[in-house]
Amino acid sequence: MKMRKFLIIVGVILLAGIGYGVYYIDTALPIGNGYAAKYLCSQAFLAGRDHEAIFDEEVRPTNILFALVKPSVDVENRSVTARALGFRKPLTAVYREGYGCTLAVGVSPGDLQRQASPPPRKRHDPRVPWPRGERVDTPPVYPGVDRAALDEAIDWAFREPGPATKRNTRAVVVVHRGAIIAERYTEGIPPERPMIGWSMSKTVTAALVGILAGQGKLDIHKPAPVPRWRVPGDPRGPVTLDHLLRMSSGLDFVEVYGPHKDATDMLYGSASMADFASAKPLRTPPDTEWSYSSGTTNIVARIVRDATGGTLEGVEAFARSALFDRIGMHSAVIEPDASGSFVGSSYMFATPRDWARFGFLLLNDGVWFGERILPAGWVRYMRTPTPMAPLGEYGAHLWLNAGLDEDPSRRKYPSLPRELFYLSGFNGQVVAVIPSKQLVIVRLGVTHDDSWDQEGFLRRVLDSVALR
């Protein structure tokens, strides 16, 4: 009798476990479908890459569940559909010229394809030296640079430290005193190929806010213009744009990537990412906790769209005329969600040289060859540590190496200067700026393990530049 009860209990537990497993997979795989469709669409049609190997080399290693996902690329209609084991419906990402790829969530692929396209883009002048043009002449000898040490640093970046590692560096660009002194690309990646920055996109979103603030169209110290927060008595009413930029809003958004997590549910299951994030309640009062959040940035991106006319066409025209075209970032694309708002947290593509242009703009305090692009004081604001960041590692949508006032050695990268600030993104993307050395360092890749050492790479490049 006791054995029978024991077997019944074991059977119930097993059935419950199987049931939960089926539920977990059934609800997780649509997110996997969304990631696969969106990533492949952008790489195939925006970046112009051969899609055949991308799934196996860059998507499948991200999560074990991608072994169950099957993508289908429609070259004629420039879309990608992904499905998994017949669970739930497949998801489709659609490419639109000038806008990149968007997941068709809450809207049909056909409706997305019928939306208007922006005007043709400007092109880089191949005859004019970078950064004003696209000509790059990297001299074998450059004043103040140990060329052998710099070459070894770049060799290290592209070297796989072990037979099973997945460092996958795709591009490196090093700028010193306003010139590209070294660059390298992996086989099959030409300099003109736009590459995803992931969370480096956040800093560009903050730059757009700065331009609007300089124009008097946004006030970062007033309550953020989020309609659902403007209802009388809403506890989120006091949240300002400044709180959002410093990741100190108190919103209960969990920056974890995986099935049933806020970040992935937002990016791959939401028609409006700003609506998804702004619906979150407060976890803590504003300005009492620092909590890095992609949802926060997508709220900011919606605010930018609304301040520039409320349409995708309007915000695209603004970004291009106010920032990208003014500094020659002609390749830059911030892809939108299905609601027509930039996915400012994650989906900006640009060539490595254009990412370097943005770093060069920040290096020069937002001034581009005598023309002020970002308002005076904006870069200083972005570089000011937010009080709640534990190691002084974050400003306003910009990563810092500031450390703590009482103990400057306690910082993110102890071997690197405190003045270092940088854009950082998933898979090891970085645009690092060291002002006193007039140095901008770009690394782009698809790292799937812990083999990429950001501090070690930046240290190697810095050591190759003379200290004078």
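Welcome to this structure, which is a predicted model. A good place to start is the set of buried residues in helix 9: Ser294, Gly295, Thr296, Thr297, Asn298, Ile299, Val300, Ala301, Arg302, Ile303, Val304 and Arg305. From there, this briefing visits the cavities, some unusual backbone spots and one buried arginine.

**Helix 9 and its surroundings**

- Helix 9 covers residues 294–307, and 12 of its 14 residues are buried, so the rest of the structure largely encloses this helix.
- Which helices do these buried residues pack against? They meet helix 5 (201–214), helix 6 (241–245), helix 7 (262–269), helix 8 (273–278) and helix 10 (312–324).
- The length of helix 9 agrees with expectation: at 1.5 Å a residue its 14 residues should span 20 Å, and the C-alpha atoms at its ends are 20 Å apart.
- At the start of helix 9, Ser293 offers a side-chain oxygen that comes to within 3.2 Å of the backbone nitrogen of Gly295.
- After helix 9 comes Gly309, which has a positive phi, near 115°.

**Cavities inside the model**

- How many cavities of 30 Å³ or more are there? The count comes to five.
- The largest cavity holds about 140 Å³ of space. It is lined by 17 residues, and those closest to its centre are Gln43, Arg49, Met195, Ile196 and Val446.
- Helix 1 (2–46) and strand 7 (195–196) are the elements that each give two or more residues to the lining of the largest cavity.
- By type, the lining of the largest cavity has nine nonpolar, four polar and four charged residues.
- The second largest cavity contains about 70 Å³ of space. Its lining is made of 13 residues, with Thr102, Leu103, Leu267, Met273 and Asp337 closest to the centre.
- Strand 4 (residues 100–103) contributes the most to the lining of the second largest cavity, giving three residues.
- The lining of the second largest cavity comprises nine nonpolar, two polar and two charged residues.

**Backbone spots worth a look**

- As background, most peptide bonds are trans, and most residues other than glycine have a negative phi.
- Trp130 and Pro131 are joined by a cis peptide bond, with omega about 10°. Pro131 sits in the loop between helix 3 (109–113) and helix 4 (147–158).
- Met247 is not a glycine, and its phi is positive, near 55°. This residue belongs to the loop between helix 6 and helix 7.
- Is Met247 buried or exposed? Its relative accessible area is 2%, under the 20% cut-off, so Met247 counts as buried.
- Phe369 is another residue with a positive phi, about 50°, although it is not a glycine. You can find Phe369 in the loop between strand 10 (367–368) and strand 11 (371–372).
- Phe369 has 43% relative accessibility, so it counts as partly exposed.

**Arg170, a buried arginine**

- Where is Arg170? This residue lies in strand 5 (residues 169–176).
- Arg170 has a relative accessibility of 12%, so it counts as buried.
- Leaving out residues up to four places away in sequence, Arg170 touches Arg49, Glu57, Glu58, Phe158, Arg184, Tyr185, Thr186, Ile189, Met195, Leu444, Gly445 and Val446.
- Some of these neighbours, including Arg49, Met195 and Val446, are also among the residues closest to the centre of the largest cavity.

Key
Residues numbered from 1 in each chain as written. Predicted model: local features only at pLDDT ≥ 70, side-chain atom pairs only at ≥ 80, totals over all residues. Heavy atoms only, no water. Helix = DSSP H or I, 4+ residues; strand = E, 2+ residues; numbered from the N terminus. Expected span 1.5 Å × (residues − 1). Buried < 20%, exposed > 50% of the residue type's maximum accessible area, 1.4 Å probe, protein only. Contact = heavy atoms within 4.5 Å. Polar contact = N/O pair within 3.5 Å; in protein donor to acceptor, adjacent residues only side chain to side chain. 1 Å grid on protein atoms, 1.4 Å probe; cavity = no way out; pocket = protein on both sides within 12 Å on 5 of 7 lines; lining within 4 Å. Points joined across faces, edges and corners; volume = space filled by probe spheres on them. Nonpolar A, V, L, I, M, F, W, Y, C, P; charged D, E, K, R; others polar.
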